[in-house]
Amino acid sequence: MEVVEADWIVIGAGTAGCVLADRLSASGRDRVLLLEAGGTDRRPDVIVPGAASRLHRSSADWGFYTTPQRGLGGRRVYVPRGKVLGGSGSTNTLIAIRGVPLDYDEWAAMGAEGWAWEDVRPVFERIDRRMPTERPKDLHPLVERYLAAGAELGLRSIGTGSRGPSSPGSACSVSTCAAAGG
Ligand SMILES: Cc1cc2nc3c(=O)[nH]c(=O)nc-3n(C[C@H](O)[C@H](O)[C@H](O)COP(=O)(O)OP(=O)(O)OC[C@H]3O[C@@H](n4cnc5c(N)ncnc54)[C@H](O)[C@@H]3O)c2cc1C
């Protein structure tokens, strides 16, 4: 049996696990063992944007269900979670939009030290540099009308792309994906 020695063991190569393993190994000094229960992400239904629904209840999904829900007539609700390299980040719908600053500040006020908006803002800005932040082009006319209808109701248009909202309102989100093999 091969013995593997590591300084760090990261369990789960999902969204958080991959970032963590990348950071821990960045110096080149530490040995990092990244363990993943699922298989490869080199499969068309992961690579092709928009194919996420095909991954539901597939071999790349844990197939979780809730307990029977009294408020839903005893039905169990399907809860997709990725079981594949990249985790749910490989099976999600790629929408990227920032959270509302007030929420982060409230978490910090409740004791989540380091999670205030001013703490996390530089991280969002780093992410922004890696993805499109412009308003999506060639919007369907219905999207324009939807946004206009929101404005009529007092929902102001709040930034587009990953720059996201500073307060509740309506916005166009952007989707992110890497080129296959990239
Ligand atoms: C269908 C769907 C659509 C979504 N759409 C969006 C979206 O459009 N935009 C957005 O921002 N977010 C979206 N999300 C949410 C986002 O993908 C998740 O919040 C994020 O990926 C969670 O990251 P995580 O690291 O916590 O968990 P995951 O990415 O789920 O990673 C957990 C990993 O751990 C592995 N694992 C679990 N147990 C073990 C074990 N015992 N041993 C080894 N490995 C194990 C799993 O297989 C998985 O790979 C979506 C999520 C889903 C499921």
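This report describes the fold, the ligand surroundings, the nonpolar core and several individual residues of a predicted model.

## Overall architecture

The chain contains six helices and six strands. Followed along the sequence, these elements appear in the pattern β-α-β-α-β-β-α-β-α-α-α-β.

Of the chain's 182 residues, 12% count as buried. Among contacts between residues at least 6 apart in sequence, 52% join residues at least 24 apart.

## The unit formed by strand 1, helix 1 and strand 2

Strand 1, helix 1 and strand 2 form a β-α-β unit, and this unit is right-handed. Strand 1 covers residues 8-11 and strand 2 covers residues 32-35; the two run parallel and are joined by four bridges. Two of the pairings can be named. W8 has V32 of strand 2 as its bridge partner, and I11 stands opposite L35 in strand 2.

The helix of this unit can be followed through A21, which has its place in helix 1. When neighbours within four places in sequence are left aside, A21 is in contact with V10, V32 and L34. V10 lies within the range given for strand 1, while V32 and L34 lie within that of strand 2. A21 counts as partly exposed because 19 C-beta neighbours lie inside 10 Å, whereas a buried residue needs 20 or more. The C-alpha atoms of A21 and R31 are separated by 9.6 Å, and these residues are 10 apart along the chain.

## Surroundings of the ligand

The shell around the ligand holds 24 residues, of which G12, G14, A16, G87 and N92 come nearest. By character, the residues of the shell divide into 12 polar, nine nonpolar and three charged.

Two helices each supply at least two residues of this shell: helix 1, spanning 15-25, and helix 3, spanning 88-91. Helix 1 is thus named both here and in the right-handed β-α-β unit.

## The nonpolar core

In soluble globular proteins, nonpolar side chains tend to be buried together. In this model, the largest nonpolar core is made up of six residues: A13, V46, L55, A60, V84 and L85.

V46 illustrates how members of the core are linked. Apart from its neighbours within four places in sequence, V46 is in contact with D41, L55, A60, V84 and S90. Among these partners, L55, A60 and V84 are also members of the core.

## Residues of the loop between helix 2 and strand 3

The loop between helix 2 (44-47) and strand 3 (64-65) contains W62. W62 counts as partly exposed because it has 17 C-beta neighbours inside 10 Å. Not counting residues up to four places away in sequence, W62 touches R81 and K83. W62 and A37 are 25 residues apart in sequence, with their C-alpha atoms 9.9 Å apart in space.

R57 is found in the loop between helix 2 and strand 3 as well. R57 is exposed, because 12 other C-beta atoms lie within 10 Å, and the limit for an exposed residue is 12 or fewer. The backbone of R57 has a positive phi of about 60 degrees, although R57 is not a glycine. Most residues other than glycine have a negative phi.

## Residues of two further loops

L94 belongs to the loop between helix 3 and strand 5, the latter comprising residues 95-96. L94 is not a glycine, yet its phi is positive, near 70 degrees. With 13 C-beta neighbours inside 10 Å, L94 counts as partly exposed.

G154 is located in the loop between helix 6 (141-152) and strand 6 (174-175). G154 counts as exposed because 7 C-beta neighbours lie inside 10 Å. From C-alpha to C-alpha, G154 and S170 are 9.9 Å apart in space, and they are 16 residues apart in sequence.

How values were computed
Residues numbered from 1 in each chain as written. Predicted model: local features only at pLDDT ≥ 70, side-chain atom pairs only at ≥ 80, totals over all residues. Near = placed C-beta within 6 Å. Nonpolar A, V, L, I, M, F, W, Y, C, P; charged D, E, K, R; others polar. Core = buried A, V, L, I, M, F, W, Y, C linked by C-beta atoms within 7 Å. Contact = placed C-beta atoms within 7 Å. Pairing = 2+ DSSP bridges. Right-handed = clockwise from strand over helix to strand, strands pointing away.
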